[in-house]
Amino acid sequence: MSVDTPRRIVLLRHAKADWPQTSDHERPLAERGRTDAPVAGRRLADTGIAFDLALCSTAVRTRETWKLAVQELPERPRTVYEERIYEASPGELIAVINETPEDVRDLLLIGHNPGMHGLADVLAGDSEGDSLVRMNRAGFPTSAFAVLTVNGSWKSVEPGVATLVDFWTPRA
(Lines give C-alpha, C1' and ligand atoms only; values in the text may rest on other atoms or scores of the structure.)
Protein backbone atom coordinates (compact mmCIF):
# COMPACT_ATOMS: atom_id res chain seq x y z
CA MET A 1 0.00 0.00 0.00
CA SER A 2 1.26 3.43 -0.93
CA VAL A 3 1.76 5.96 1.84
CA ASP A 4 -0.30 8.31 -0.35
CA THR A 5 -3.37 6.12 0.13
CA PRO A 6 -5.74 7.80 2.60
CA ARG A 7 -6.11 5.83 5.81
CA ARG A 8 -8.93 5.83 8.32
CA ILE A 9 -8.79 5.68 12.10
CA VAL A 10 -12.01 4.97 13.96
CA LEU A 11 -12.01 5.63 17.69
CA LEU A 12 -14.72 3.72 19.55
CA ARG A 13 -15.35 4.35 23.23
CA HIS A 14 -16.48 1.30 25.20
CA ALA A 15 -20.18 0.93 25.98
CA LYS A 16 -21.69 1.89 29.36
CA ALA A 17 -19.98 0.03 32.20
CA ASP A 18 -21.29 -1.13 35.54
CA TRP A 19 -19.72 -0.12 38.89
CA PRO A 20 -19.40 -3.34 40.91
CA GLN A 21 -16.93 -3.77 43.76
CA THR A 22 -13.99 -4.65 41.52
CA SER A 23 -10.93 -2.98 40.07
CA ASP A 24 -11.54 -0.44 37.31
CA HIS A 25 -9.85 -2.73 34.76
CA GLU A 26 -12.30 -5.55 35.58
CA ARG A 27 -15.54 -3.53 35.34
CA PRO A 28 -18.09 -5.27 33.08
CA LEU A 29 -20.71 -3.68 30.87
CA ALA A 30 -23.97 -2.48 32.38
CA GLU A 31 -27.27 -3.58 30.84
CA ARG A 32 -27.40 -0.37 28.77
CA GLY A 33 -23.90 -1.12 27.53
CA ARG A 34 -24.93 -4.59 26.40
CA THR A 35 -27.77 -2.93 24.46
CA ASP A 36 -25.72 -0.06 22.98
CA ALA A 37 -22.63 -2.05 21.87
CA PRO A 38 -24.44 -3.97 19.08
CA VAL A 39 -26.10 -0.72 17.96
CA ALA A 40 -22.63 0.85 17.66
CA GLY A 41 -21.50 -2.23 15.74
CA ARG A 42 -24.39 -1.86 13.28
CA ARG A 43 -23.59 1.82 12.82
CA LEU A 44 -19.90 0.93 12.24
CA ALA A 45 -21.06 -1.57 9.60
CA ASP A 46 -23.17 1.19 8.01
CA THR A 47 -20.02 3.27 7.45
CA GLY A 48 -18.84 0.69 4.93
CA ILE A 49 -15.36 0.68 6.43
CA ALA A 50 -13.71 -2.74 6.18
CA PHE A 51 -11.34 -2.67 9.14
CA ASP A 52 -7.98 -4.33 8.60
CA LEU A 53 -7.07 -4.23 12.28
CA ALA A 54 -8.83 -3.62 15.59
CA LEU A 55 -6.75 -2.63 18.60
CA CYS A 56 -8.73 -3.11 21.80
CA SER A 57 -7.90 -2.21 25.38
CA THR A 58 -7.52 -5.21 27.68
CA ALA A 59 -10.13 -3.87 30.13
CA VAL A 60 -13.19 -6.11 30.54
CA ARG A 61 -15.64 -3.42 29.38
CA THR A 62 -13.76 -2.77 26.13
CA ARG A 63 -13.40 -6.48 25.37
CA GLU A 64 -17.13 -7.00 26.03
CA THR A 65 -18.00 -3.98 23.85
CA TRP A 66 -15.92 -5.35 21.00
CA LYS A 67 -17.34 -8.87 21.35
CA LEU A 68 -20.88 -7.47 20.94
CA ALA A 69 -20.07 -4.85 18.27
CA VAL A 70 -17.96 -7.06 15.99
CA GLN A 71 -20.85 -9.50 15.53
CA GLU A 72 -22.61 -6.75 13.56
CA LEU A 73 -19.75 -6.24 11.08
CA PRO A 74 -19.77 -8.05 7.74
CA GLU A 75 -16.21 -9.31 8.37
CA ARG A 76 -14.25 -9.69 11.59
CA PRO A 77 -10.93 -7.83 11.39
CA ARG A 78 -7.74 -9.11 12.95
CA THR A 79 -7.95 -8.10 16.61
CA VAL A 80 -5.10 -7.33 18.99
CA TYR A 81 -5.76 -6.74 22.68
CA GLU A 82 -3.38 -3.96 23.62
CA GLU A 83 -2.81 -3.19 27.30
CA ARG A 84 -1.27 0.22 26.49
CA ILE A 85 -4.70 1.53 25.39
CA TYR A 86 -6.07 1.24 28.95
CA GLU A 87 -5.80 4.64 30.71
CA ALA A 88 -3.71 5.99 27.80
CA SER A 89 -3.22 9.66 27.07
CA PRO A 90 -3.61 10.97 23.52
CA GLY A 91 0.18 10.96 23.14
CA GLU A 92 0.41 7.34 24.27
CA LEU A 93 -2.37 6.40 21.84
CA ILE A 94 -0.55 8.14 18.99
CA ALA A 95 2.54 6.06 19.84
CA VAL A 96 0.41 2.89 19.51
CA ILE A 97 -0.99 4.12 16.17
CA ASN A 98 2.54 4.89 14.94
CA GLU A 99 3.37 1.17 15.31
CA THR A 100 0.53 0.06 13.02
CA PRO A 101 1.78 -2.06 10.11
CA GLU A 102 1.82 -0.12 6.84
CA ASP A 103 -0.39 -2.68 5.06
CA VAL A 104 -3.29 -1.63 7.33
CA ARG A 105 -5.56 0.91 5.66
CA ASP A 106 -8.44 1.10 8.15
CA LEU A 107 -7.74 0.91 11.89
CA LEU A 108 -10.22 0.66 14.76
CA LEU A 109 -9.22 1.54 18.33
CA ILE A 110 -11.55 0.51 21.15
CA GLY A 111 -10.71 2.40 24.30
CA HIS A 112 -11.68 4.78 27.07
CA ASN A 113 -12.26 8.41 27.90
CA PRO A 114 -10.69 10.83 28.32
CA GLY A 115 -8.22 9.25 25.85
CA MET A 116 -10.62 8.67 22.93
CA HIS A 117 -12.06 12.18 23.01
CA GLY A 118 -8.65 13.72 23.59
CA LEU A 119 -7.10 11.77 20.73
CA ALA A 120 -9.87 12.68 18.29
CA ASP A 121 -9.57 16.33 19.29
CA VAL A 122 -5.76 16.37 19.06
CA LEU A 123 -5.61 14.58 15.69
CA ALA A 124 -8.38 16.62 14.03
CA GLY A 125 -6.63 19.50 12.31
CA ASP A 126 -9.75 19.80 10.17
CA SER A 127 -13.31 18.48 10.13
CA GLU A 128 -16.13 17.92 7.69
CA GLY A 129 -19.50 19.51 8.32
CA ASP A 130 -20.41 19.93 11.96
CA SER A 131 -18.71 16.73 13.16
CA LEU A 132 -16.19 18.50 15.41
CA VAL A 133 -18.87 20.73 16.95
CA ARG A 134 -21.12 17.70 17.57
CA MET A 135 -18.25 15.71 19.10
CA ASN A 136 -17.25 18.48 21.46
CA ARG A 137 -20.85 19.21 22.41
CA ALA A 138 -21.57 15.52 23.11
CA GLY A 139 -18.32 14.99 25.03
CA PHE A 140 -17.68 11.53 23.47
CA PRO A 141 -20.15 9.43 25.50
CA THR A 142 -20.04 5.65 25.87
CA SER A 143 -20.48 3.70 22.59
CA ALA A 144 -19.68 6.81 20.54
CA PHE A 145 -17.16 6.73 17.73
CA ALA A 146 -15.21 9.19 15.61
CA VAL A 147 -13.99 8.55 12.07
CA LEU A 148 -10.81 10.34 11.03
CA THR A 149 -8.87 10.24 7.77
CA VAL A 150 -5.12 10.68 7.48
CA ASN A 151 -2.70 10.81 4.57
CA GLY A 152 0.77 9.35 4.80
CA SER A 153 2.23 6.52 6.82
CA TRP A 154 1.12 5.45 10.28
CA LYS A 155 4.50 6.60 11.54
CA SER A 156 3.63 10.14 10.42
CA VAL A 157 0.43 10.37 12.50
CA GLU A 158 0.78 13.29 14.89
CA PRO A 159 -1.40 16.08 16.29
CA GLY A 160 -3.35 18.01 13.67
CA VAL A 161 -2.79 15.69 10.68
CA ALA A 162 -6.26 14.14 10.47
CA THR A 163 -9.68 15.22 9.27
CA LEU A 164 -12.65 14.31 11.44
CA VAL A 165 -15.20 13.08 8.89
CA ASP A 166 -17.88 11.61 11.14
CA PHE A 167 -18.94 11.43 14.75
CA TRP A 168 -21.72 9.19 16.01
CA THR A 169 -23.32 8.61 19.39
CA PRO A 170 -26.21 6.30 20.29
CA ARG A 171 -27.89 9.05 22.30
CA ALA A 172 -28.00 11.86 19.72
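Start with Tyr86 and the company it keeps: setting aside neighbours within four places in sequence, Tyr86 is in contact with Asp24, His25, Ser57, Ala59, Arg61 and His112. Keep in mind as you look around that this is a predicted model. Tyr86 itself sits in a loop, the one running between β3 (78-81) and α3 (90-98). Loop or not, its relative accessibility is 18%, and buried means under 20%, so Tyr86 counts as buried.

There's also a partner right next door in the chain. The side chain of Tyr86 makes a polar contact with the side chain of Glu87, at 3.4 Å. For a sense of scale, try Asp52: this residue is 34 residues away from Tyr86 along the chain, and the C-alpha atoms of the two are separated by 21 Å.

Now swing over to a pair of helices, α1 (residues 31-46) and α2 (residues 60-70). Two packed helices are described by the angle between their axes and the distance between the axes. Here the angle is about 50 degrees, and the axes of α1 and α2 are 7 Å apart. An angle of that kind is neither roughly parallel (under 35 degrees) nor roughly perpendicular (65 to 115), so α1 and α2 are oblique to each other. As for handedness, the crossing of α1 and α2 is right-handed.

Which residues in α1 and α2 actually meet? From α1 come Arg34, Ala37, Pro38 and Gly41, and they meet Thr65, Leu68 and Ala69 in α2. Sorted by character, the residues of this contact between α1 and α2 come out as four nonpolar, two polar and one charged.

Terms used: Residues are numbered from 1 along each chain as its sequence is written. This is a predicted model: local features need pLDDT of at least 70, side-chain atom pairs count only at pLDDT 80 or more; totals for chains, interfaces and linings use all residues. Side-chain values use heavy atoms; hydrogens and water are left out. Axes are lines fitted to C-alpha atoms, for helices over the stretch in contact, and angles run from 0 to 180 degrees between N-to-C directions. Helices (H or I, at least four residues) and strands (E, at least two) are DSSP runs, numbered from the N terminus. Angles under 35 degrees count as roughly parallel, over 145 as roughly antiparallel, 65 to 115 as roughly perpendicular and the rest as oblique. A crossing is left-handed if the near helix is turned anticlockwise from the far one by less than a right angle, and right-handed if clockwise. Contact means heavy atoms within 4.5 Å. Ala, Val, Leu, Ile, Met, Phe, Trp, Tyr, Cys and Pro count as nonpolar, Asp, Glu, Lys and Arg as charged, and the others, Gly among them, as polar. Buried means under 20% relative accessible area, exposed over 50%, partly exposed in between (1.4 Å probe, protein chains only). A polar contact is a pair of N or O atoms within 3.5 Å; within protein, one must be able to donate a hydrogen and the other to accept it, and residues adjacent in sequence count only if both atoms are side-chain atoms.
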